[in-house]
Amino acid sequence: MKKIETANQIEIANQIEIEKLELQNEKMKKLSTREGFFKSFFDSLKSFKTEELAFENVNNSYLELFGQKRYNSYSDYKKAVAYHNVLA
């Protein structure tokens with residue numbers, strides 16, 4: 001019985017890890033594009049008092065997933081948005 005319980009626990013743990021990785025993969029796909037990064041920024045505006053704090057949240061998520069920040073600063077992000085007309 002113990003072997004079955006242990007196997008079930010391992011299976012459950014593996015399923016949880018797979019689900020976690022699938023969510024992480026979806027987030028990476030979204031943040032990897034300018035449009036996806038902007039949408040994530042826009043979505044996070046609801047949770048933060050300022051645009052800059054919302055930006056920092058998304059940029060830090062990018063850092064956690066990719067090992068580097070997508071933009072060096074909020075100012076750089078705003079310039080990129082203006083340049084690429086993401087808002088249009």
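## Helix packing around a nonpolar core

Ser40 sits in helix H2, which covers residues 34–44; helices here are DSSP runs (H or I) of at least four residues, numbered from the N terminus. This is a predicted model, where local features need pLDDT of at least 70 and side-chain atom pairs count only at pLDDT 80 or more, while totals for chains, interfaces and linings use all residues. Residues are numbered from 1 along each chain as its sequence is written, and side-chain values use heavy atoms, with hydrogens and water left out.

**Ser40 up close**

- Is Ser40 buried or exposed? Ser40 counts as buried because its relative accessibility is 13%; buried means under 20% relative accessible area, exposed means over 50%, and partly exposed is in between, using a 1.4 Å probe and protein chains only.
- Skipping residues up to four places away in sequence, Ser40 touches Lys30, Leu31 and Val58, where a contact means heavy atoms within 4.5 Å.

**The nonpolar core**

- The largest nonpolar core has 14 residues; such a core is a set of buried Ala, Val, Leu, Ile, Met, Phe, Trp, Tyr and Cys residues joined through side-chain atoms within 4.5 Å.
- Leu31, Phe37, Phe41, Phe55, Tyr71 and Tyr77 have the most contacts inside this core.
- Which elements give two or more residues to this core? They are H2, helix H3 (51–66) and helix H4 (74–84), and H3 gives the most, with 5 residues.
- In soluble globular proteins, nonpolar side chains tend to be buried together.
- Take Phe41 from that core: leaving out residues up to four places away in sequence, Phe41 touches Glu51, Ala54, Phe55, Val58, Tyr74 and Tyr77.

**H1 against H3**

- Helix H1 (residues 2–31) and H3 have axes that come within 10 Å and cross at roughly 120°; axes are lines fitted to C-alpha atoms, for helices over the stretch in contact, with angles running from 0 to 180 degrees between N-to-C directions.
- That angle is why H1 and H3 are oblique to each other: under 35 degrees counts as roughly parallel, over 145 as roughly antiparallel, 65 to 115 as roughly perpendicular, and the rest as oblique.
- The H1 and H3 crossing is left-handed, meaning that the near helix is turned anticlockwise from the far one by less than a right angle (clockwise would be right-handed).
- On the H1 side, the contact is made by Gln24, Lys27, Met28 and Leu31, and on the H3 side by Val58, Ser61, Tyr62, Leu65 and Phe66.
- Sorted by class, the H1 and H3 contact has 6 nonpolar, 2 polar and 1 charged residues; Ala, Val, Leu, Ile, Met, Phe, Trp, Tyr, Cys and Pro count as nonpolar, Asp, Glu, Lys and Arg as charged, and the others, Gly among them, as polar.

**H2 against H4**

- The H2 and H4 axes come within 12 Å and cross at roughly 120°, so H2 is oblique to H4.
- H2 passes H4 in a left-handed crossing.
- Which residues of H2 meet H4? Arg34, Phe37, Phe38 and Phe41 of H2 meet Tyr74, Tyr77 and His84 of H4.
- The class split for the H2 and H4 contact is 5 nonpolar, 1 polar and 1 charged.

**Other spots to look at**

- Glu51 is in helix H3 and counts as partly exposed because its relative accessible area is 45%.
- Apart from neighbours within four places in sequence, Glu51 is in contact with Phe41, Leu45 and Tyr74.
- From C-alpha to C-alpha, Glu51 and Gln68 are 21 Å apart in space and 17 residues apart in sequence.
- Ser32 lies in the loop between H1 and H2 and, at 37% relative accessibility, counts as partly exposed.
- Ser32 is in contact with Phe66 and Arg70, leaving aside neighbours within four places in sequence; the C-alpha atoms of Ser32 and Arg70 are separated by 8.8 Å, with their positions 38 residues apart along the chain.
- Ile12 is part of helix H1 and counts as exposed, with 51% relative accessibility.
- The C-alpha atoms of Ile12 and Leu45 are separated by 35 Å.
- Lys78 belongs to helix H4 and is partly exposed at 47% relative accessibility.
- How many residues apart along the chain are Lys78 and Gln15? They are 63 residues apart, and their C-alpha atoms are separated by 40 Å.
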